[in-house]
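Let's take a walk through this structure together. We'll look at its empty spaces, one helix in particular, and some charged pairs.

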Amino acid sequence: MSSQPFVGFCEPTGAWQDREQALLAHYAMPSAQSRGRRYPEPEHPYRSPYQRDRDRITHCAAYRRLSYKTQVFTGSMGQEHRTRLTHTLEVASLARTIGRVLGLNEDLIEALALVHDLGHPPFGHAGEQALQSCLGDQGHFCHNQHALTLVEELEQRYPEFPGLNLTWEVLEGQRAKVHPQGLDQGTLLETQVVDAADNIAYDTHDVDDALTLGLLHLEELNHLDLWKHAQAAVRRRWTLSDARLFQTAVVRQMIDTLVGDVLHTTRQNLQRHEIRTLADVLRAGRLVRHSQEVSQQQQALERFLFQKVYRHPLLLQMRAQAQEMIGQCFERLLGQVERLGTVFERRAQTHGEAVAVVEYLACLTDEELLALARGAPPRILPP
Ligand code: MG
């Protein structure tokens, strides 16, 4: 075995700055211009600030728990459909693709994508509504805000600070999602790209999963332009008798259409608004958009999904059960917050018991909530 040391194993300090300077467009967010972290830290010798953010998110407990949380369809319906974690990875993958073509900061994009659904409670939006009902007029629960609470307060991994001490840009990108129209003004292109990728991912994978689970049938989609055009493109290329192969080919084509359209329209917007610098981006409204035509097709698909899939009797039944369980668990845990561990005990002191119990329930996986509803004692969540 050669005694030669590894060459290039550890890049010299400054390598990520050079790399970004060579690759990023002038309107991208360079790591070197980050507004930094709430608790100042020395720079890492070979990882950029956004690379560190991404790594901190992928190593945190809330991220791992996404594997066991519902996206749209619960674990009891099978194992092949998307979970909250696989959805998150699809968003990160699509957003990186879009960001790379536009010359944006992919490390920042990845961090934003990996954090975007971190705050989802068990059983998805049904769980979110149930937690909001539990709080009533004592507060407000939304998953976008809960993601911030997790990464700023609840995660306990570092001796020097609470949370993950992420950069201002990642926190601000997530904060923009908390308010309606928050993404329409003064938002980095990296944040806008992740939002567009989120829509593309769930629109297409919800169709895919609903077909696979038998909640939808191919012919029901024929009136939707997005599906119809993708189907025609697939048929021009192949004659596929295998329904599953045909389905995946059409879904793939829809993703290609949506990604291609958002790239084309965004480039046009960058030109039309003469966007040359980061300051130009921050002065402009939303630039990462679909064309009007594709946007209308996407909205038609979303309306269809809402009626046929999200309101499917099986999902409505699941929603009602999840809401009942969450309500019961909330009532049971009120008055015994000391059983939830020191993090939530402290939250009860600063934010009230109802908020602390809701935040605890939001952290649980689907299975943990089911166990709690069946009478198991509350688990103290490891950091
Ligand atoms: Mg999402």
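Before anything else, one term: a residue is called buried when its relative accessible area is under 20%, exposed when that is over 50%, and partly exposed in between. Keep in mind, too, that this is a predicted model.

Now for the charged pairs. The structure holds 26 salt bridges. Start with Arg54 and Asp107, whose side chains meet at 3.8 Å, N to O. Arg54 belongs to helix H2 and Asp107 to helix H5, so to speak distant neighbours: they are 53 residues apart along the chain. Are these two buried or exposed? Both Arg54 and Asp107 are buried. They also have company, as a network of salt bridges links them with Arg47, Asp55, Arg96, Arg100, Glu106 and Glu110.

Next, look at Glu152 and Arg38, which form a salt bridge at 3.6 Å, N to O. Here Glu152 sits in helix H7, while Arg38 is in the loop between helix H1 (15-23) and helix H2 (49-58), 114 residues away in the chain. The two partners differ in their surroundings: Glu152 is buried, at 15% relative accessible area, whereas Arg38 counts as exposed at 58%.

That pair leads us straight to some empty space. Rolling a probe the size of a water molecule over the atoms shows where empty space is left. In the whole structure, a search finds 2 cavities of 30 Å³ or more. The largest has a volume of about 70 Å³, and Arg38 and Glu152 are among the residues lining it, along with Tyr39, Val151, Pro162, Asn165, Leu166 and Leu171. By class, this lining has 5 nonpolar, 1 polar and 2 charged residues.

The second largest cavity holds about 50 Å³ of space. Its lining includes Leu112, His116, Gln174 and Thr191, and helices H5 (106-115), H8 (168-176) and H9 (189-212) each supply at least two of the lining residues. This time the split is 3 nonpolar, 4 polar and 1 charged.

Helix H9 deserves a closer look. It has 24 residues and reaches 34 Å from its first C-alpha to its last, close to the 34 Å expected. Of those 24 residues, 21 are buried, so H9 is largely enclosed by the rest of the structure. Just past its end, Gly214 takes a positive phi of about 80°.

H9 also has a part in the largest pocket, which holds about 840 Å³ of space. Among the 36 residues lining that pocket, those closest to its centre are His120, His125, His143, Tyr202 and Tyr310. Which helix gives the largest share of the lining? That would be H9, with 6 residues. Sorted by class, the lining has 10 nonpolar, 14 polar and 12 charged residues.

The second largest pocket has a volume of about 520 Å³. It is lined by 24 residues, with Thr70, Thr74, Gly75, Ser76 and Asp366 nearest its centre. Helices H14 and H17 (366-373) each give two or more residues to this lining, and the largest share, 6 residues, comes from H14.

One last pair is worth finding. Glu220 and Lys308 meet in a salt bridge at 4.0 Å, N to O. Glu220 lies in the loop between H9 and helix H10 (225-237) and Lys308 in helix H13, so the pair ties together parts that are 88 residues apart in sequence. Glu220 is partly exposed at 24% relative accessibility, and Lys308 is partly exposed at 39%.

Methods: Residues numbered from 1 in each chain as written. Heavy atoms only, no water. 1 Å grid on protein atoms, 1.4 Å probe; cavity = no way out; pocket = protein on both sides within 12 Å on 5 of 7 lines; lining within 4 Å. Points joined across faces, edges and corners; volume = space filled by probe spheres on them. Nonpolar A, V, L, I, M, F, W, Y, C, P; charged D, E, K, R; others polar. Helix = DSSP H or I, 4+ residues; strand = E, 2+ residues; numbered from the N terminus. Expected span 1.5 Å × (residues − 1). Buried < 20%, exposed > 50% of the residue type's maximum accessible area, 1.4 Å probe, protein only.
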